[in-house]
Amino acid sequence: MTEETNPLYYADYLELDKILGSQHPKSGNSTDEMLFIVIHQAYELWFKQIIHELDAVRGIFDTDNVQDNAGEMSIAVHKLKRVVKILEVLNRQVDILETMTPMDFLEFRNLLLPSSGFQSMQFRLIEAKLGLKMDQRYKANYYKNTRPGGFNQQDYGTINQVEEEATLKGLVIKWAERTPFFDESLWREYQSSYPIESGTQKFWSDYKQMYQSSLSKNEQGRLDELEQVFYKEGLGEFSVDAMRAVLFIMLYRNLPIFQTPFDLLTTLIDIDELLSQWRYKHMLMARRMIGVRVGTGGTSGAGYLEGALRQHYIFKELTEVTTFLIERSRLPDLPNAVKEKMSFNSK
Ligand code: HEM
């Protein structure tokens, strides 16, 4: 049949029969339970879109040579900014559900046992794809099991599989490690402000002194932290090289070549911040609806949610970099070779 005889119909294209035929309140005709279902379904649809975007971004970074010049990095950042916008909407949705009162919720709450948003497989995939690891979870033993209130076998298997894949965080770390900012050949003309510490790259030899002189008397102890993070061990999952690249991008973000990488780093921080805002709003909503009763999913309820809120930051290393910034006026001028040469990830 041609399109003329069978033109595409809105409801068919969107398969609305399936979507709009999928709300079945257990308590009969309660508008509150209808709202509860619709909100959760809307969340899951947006989770689906977030996963799509994250997969595309991981695809871009999952190579040894992200072509910043070819615009791939800007595409990645654009997609992550879309995730930010979606998360903003998801945060606002909590307000709609809060128009339901605790008494309204009590009408059908027990009918939901032992199911819970805790079983949202897509939420777990988002966390896993971003880079939240098992050993970083609050009460990891609550998470991922097939007991009642846990996951069914299929979802459990999918989560396990995705947890084996490269995470966005891991890929961003590798990208940062590959940046060629500190090749010795680029720093020949660099004028050091302080005596060079032997065996230390010129800029980093200077930075230690610059940072120290920027600290007030009662903050001198931070120098040890700087050494730990940027000279010896790195921080969390970030190696010394990755941390150095991130700090350098943040310090010199005004250089045109650094604008997209800077945008990338701040967008990852935005995502972490919005996810934690969601955890906070969701925790307050849970407290308001069920007080300190245990959750339908079998955790301690608001107590668990508070722990997850505190602990489940994914890109915390990026926010910690700001501890080690110095004022722009103290920053040394970069050698021309560094300014001119930088083309991302050319090995
Ligand atoms: C009346 C509203 C809600 C209440 C009282 C509530 C309560 C809870 C509680 C107590 C938990 C901890 C797990 C448990 O033992 O059940 C939880 C987890 C969760 N809920 Fe909700 N929830 C509500 C609405 C929502 C909505 C609309 C979503 C959207 C998808 C959602 C998604 C989640 C997720 C993803 C988790 C796991 C969080 C984590 O492990 O960090 N919840 N919820």
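**Exercise 1. Locate Glu15 and classify its backbone and its exposure.**

Solution. Glu15 sits in the loop between helix H1 (10-13) and helix H2 (16-20). Helices here are DSSP runs of H or I with at least four residues, strands are runs of E with at least two, and both are numbered from the N terminus. The model is a predicted one: local features need pLDDT of at least 70, side-chain atom pairs count only at pLDDT 80 or more, and totals for chains, interfaces and linings use all residues. Residue numbers start from 1 along each chain as its sequence is written.

Step 1: the phi of Glu15 is positive, about 50°, although the residue is not a glycine. Most residues other than glycine have a negative phi.
Step 2: a residue is buried if 20 or more other C-beta atoms lie within 10 Å of its own, exposed if 12 or fewer, and partly exposed in between, with C-beta atoms placed from the backbone.
Step 3: Glu15 has 10 C-beta neighbours inside 10 Å and therefore counts as exposed.

**Exercise 2. Repeat the analysis for Lys139.**

Solution. Step 1: Lys139 belongs to the loop between H6 and H7.
Step 2: its phi is positive, near 50°, and Lys139 is a residue other than glycine.
Step 3: Lys139 counts as partly exposed because it has 13 C-beta neighbours inside 10 Å.

**Exercise 3. Describe the surroundings of helix H6, including what precedes and follows the helix.**

Solution. Step 1: in the loop between helix H5 (102-109) and H6 lies Pro114. The peptide bond from Leu113 to Pro114 is cis, with omega near -10°. Most peptide bonds are trans.
Step 2: H6 covers residues 121-130, and 7 of its 10 residues are buried. These are Arg124, Leu125, Ile126, Glu127, Ala128, Lys129 and Leu130.
Step 3: the buried residues of H6 pack against helix H3 (31-61), helix H7 (153-164) and helix H8 (168-178). Contact requires C-beta atoms, placed from the backbone, within 7 Å.
Step 4: after H6 comes Gly131, with a positive phi near 135°.

**Exercise 4. Characterise the packing of H3 with helix H4 (residues 72-97).**

Solution. Step 1: two packed helices are described by the angle between their axes and the distance between the axes. The axes are lines fitted to C-alpha atoms over the stretch in contact, and angles run from 0 to 180 degrees between N-to-C directions.
Step 2: for H3 and H4 the angle is about 165° and the axes are 9 Å apart.
Step 3: angles under 35 degrees count as roughly parallel, over 145 as roughly antiparallel, 65 to 115 as roughly perpendicular and the rest as oblique. H3 and H4 are therefore roughly antiparallel.
Step 4: the residues of this contact divide into 19 nonpolar, 2 polar and 4 charged. Nonpolar means Ala, Val, Leu, Ile, Met, Phe, Trp, Tyr, Cys and Pro; charged means Asp, Glu, Lys and Arg; the others, Gly among them, are polar.

**Exercise 5. Which residues come nearest to the ligand, and which helix supplies the largest share of the shell?**

Solution. Step 1: of the 24 residues around the ligand, Ser116, Gly117, Gly295, Gly297 and Thr299 come nearest. A residue belongs here if its C-beta atom, placed from the backbone, lies within 6 Å of the molecule.
Step 2: H3, helix H12 (259-290) and helix H13 (302-311) each supply at least two shell residues. The largest share, 5 residues, comes from H12.
Step 3: by class, the shell has 13 nonpolar, 11 polar and no charged residues.

Technical notes:
Two residues are in contact if their C-beta atoms, placed from the backbone, lie within 7 Å.
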